[in-house]
Amino acid sequence: MARILIVAGGCRGRRLAVEMIEEGHAVRATTRSEVNRPAIEATGAECWVGTPDRLATLRGALENVTIACWLLGTATGAEGQLRALHSSRLQFFLSQAIDTTVRGFLYEAAGTPAPADALAGGERIARAMGERNAIPVAVLTADPGDVDAWLAQARGAVDEMLRGG
């Protein structure tokens, strides 16, 4: 059994949580607001209120996590805010994960309204940080609009990292 952290416990994140819980894993999913707690907890996941806009609110969410999933390809907000989610905020989050139990990282590199170049830059950051710190990185490229394909790729990536592949 592993603990999976899902940063962005929206609809797709909750579907992934259900799948991981059914496989016997513990899941912690983040939300920016208490309003979303019931939907997350209904999946059987632990809810963590925190936001990548204030990374200190996510630091404790990394406790005892094996795989962290940064599922922010469809995050909304101002362009500058979205760019930060896939650059400086991502890099700082990964730097916090280094001295934890995190042994794999899943980065969502597809979606809108995040600019494509920001997602590509985020992928480069995730891969570089993973390589530098010997943490496997998987990149989720499935179209978030095709939820079944997205879910299959996300599950496959998490399962592969858990197997040590």
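**A parallel sheet and its salt bridges**

Leu5 has Arg28 as its bridge partner in strand 2. In this predicted model, the path between these two strands leaves strand 1, passes through helix 1 (residues 11-22) and enters strand 2, giving a right-handed β-α-β crossover. Strand 1 (residues 3-7) and strand 2 run parallel and are joined by four bridges.

Strand 2 (residues 26-31) is mostly covered, with six of its six residues buried. Ala26, Arg28 and Thr30 point one way from the strand, while Val27, Ala29 and Thr31 point the other way. Both sets are buried. Arg28 therefore falls under 20% relative accessible area, the limit for a buried residue.

Strand 2 also pairs with strand 3 (residues 46-49), again in the parallel sense and over four bridges. Here the bridge partner of Thr31 is Val49 in strand 3. The connection from strand 2 to strand 3 runs through helix 2 (residues 37-42), and this β-α-β crossover is right-handed.

The sheet can now be taken as a whole. It is open and consists of six strands in the order 3-2-1-4-5-6, with parallel pairing. Strand 3 and strand 6 (137-140) are the edge strands, each pairing on one side only. On average, and with direction ignored, neighbouring strands are turned by 20° against each other.

Strand 1 has a further partner in strand 4 (residues 67-70), which it meets in the parallel sense over four bridges. In this pairing Val7 stands opposite Trp70 of strand 4. Helix 1 packs on the sheet and touches strand 1, strand 2 and strand 5 (104-108). The direction of helix 1 makes about 175° with that of strand 1.

The loops hold some less common backbone geometry. Most residues other than glycine have a negative phi, and most peptide bonds are trans. Asn64, in the loop between strand 3 and strand 4, has a positive phi near 60°. Ala134 has a phi near 55°, also a positive value, and lies in the loop between helix 5 and strand 6. Ala134 is exposed, its relative accessible area being 69%. The bond between Thr112 and Pro113 is a cis peptide bond with omega of about 10°. Pro113 is placed in the loop between strand 5 and helix 5 (116-133).

Side-chain charges add another set of links, for the structure holds 13 salt bridges. One of them joins Arg3 and Glu46, at 3.4 Å from N to O. Because Arg3 lies in strand 1 and Glu46 in strand 3, this pair ties together parts that are 43 residues apart in sequence. Arg3 is partly exposed at 22% relative accessibility, as is Glu46 at 32%. Arg3 and Glu46 are linked with Arg28 in a network of salt bridges. Arg28, as noted, is buried in strand 2.

Other salt bridges include the one between Arg37 and Glu34, at 2.7 Å from N to O. Arg37 counts as partly exposed at 25% relative accessibility, and Glu34 does so at 46%. In helix 5, Glu123 and Arg127 are four residues apart, about one turn of the helix. These two side chains form a salt bridge, with 3.0 Å between the closest N and O atoms. Glu123 is partly exposed at 23% relative accessibility, and Arg127 is partly exposed at 41%.

Note on methods
Residues are numbered from 1 along each chain as its sequence is written. This is a predicted model: local features need pLDDT of at least 70, side-chain atom pairs count only at pLDDT 80 or more; totals for chains, interfaces and linings use all residues. Side-chain values use heavy atoms; hydrogens and water are left out. Buried means under 20% relative accessible area, exposed over 50%, partly exposed in between (1.4 Å probe, protein chains only). Two strands pair if DSSP finds at least two bridges between them. A crossover is right-handed if, with the strands pointing away from the viewer, the path from the first strand over the helix to the second runs clockwise. Axes are lines fitted to C-alpha atoms, for helices over the stretch in contact, and angles run from 0 to 180 degrees between N-to-C directions. Contact means heavy atoms within 4.5 Å. A salt bridge is a side-chain nitrogen of Lys or Arg within 4 Å of a carboxyl oxygen of Asp or Glu.
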